[in-house]
Amino acid sequence: MSKNNWLISGALVLLCGGILVLFTDVELRLVRWVNCGPLAPASERSSEMCR
């Protein structure tokens, strides 16, 4: 592989990794909001995860 191909491959790996981290963080925040938010039952809001 030429140097140009290695640079493009590296950039794509970093981009895909960054997107994966971003969506994982967004998903965790959404799950926490659903489980601990205003529409969640009181027993869930007082659970260990929501403190």
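In which helix does Gly10 lie? In this predicted model, Gly10 belongs to helix α1, which covers residues 3-36.

**View 1. Gly10 within helix α1.** The close-up centres on Gly10, which has a relative accessible area of 30% and is therefore partly exposed. Leu20 follows 10 residues further along the chain, and the C-alpha atoms of Gly10 and Leu20 are separated by 15 Å.

**View 2. The disulfide between Cys36 and Cys50.** The sulfur atoms of Cys36 and Cys50 are 1.8 Å apart, and the two residues form a disulfide, the count for the structure being 1 disulfide. This pair links distant parts of the chain, since Cys36 lies in helix α1 whereas Cys50 lies in the segment after α2 (42-45), with their positions 14 residues apart in the numbering. A disulfide is a covalent bond between the sulfur atoms of two cysteines. The torsion about the S-S bond of Cys36 and Cys50 is about -75 degrees, so this disulfide is left-handed. Cys50 has a relative accessible area of 16% and is therefore buried, whereas Cys16, another cysteine, counts as exposed because its relative accessibility is 51%.

**View 3. The salt bridge between Arg29 and Asp25.** The structure holds 1 salt bridge, in which the side chains of Arg29 and Asp25 meet at 3.3 Å, taken from N to O. Both Arg29 and Asp25 lie in helix α1, and they are 4 residues apart, which is about one turn of the helix. Arg29, with a relative accessible area of 60%, is exposed, while Asp25, with a relative accessible area of 37%, is partly exposed.

Terms used:
Residues are numbered from 1 along each chain as its sequence is written. This is a predicted model: local features need pLDDT of at least 70, side-chain atom pairs count only at pLDDT 80 or more; totals for chains, interfaces and linings use all residues. Side-chain values use heavy atoms; hydrogens and water are left out. Helices (H or I, at least four residues) and strands (E, at least two) are DSSP runs, numbered from the N terminus. Buried means under 20% relative accessible area, exposed over 50%, partly exposed in between (1.4 Å probe, protein chains only). A disulfide is a pair of cysteine sulfur atoms within 2.5 Å. A salt bridge is a side-chain nitrogen of Lys or Arg within 4 Å of a carboxyl oxygen of Asp or Glu.
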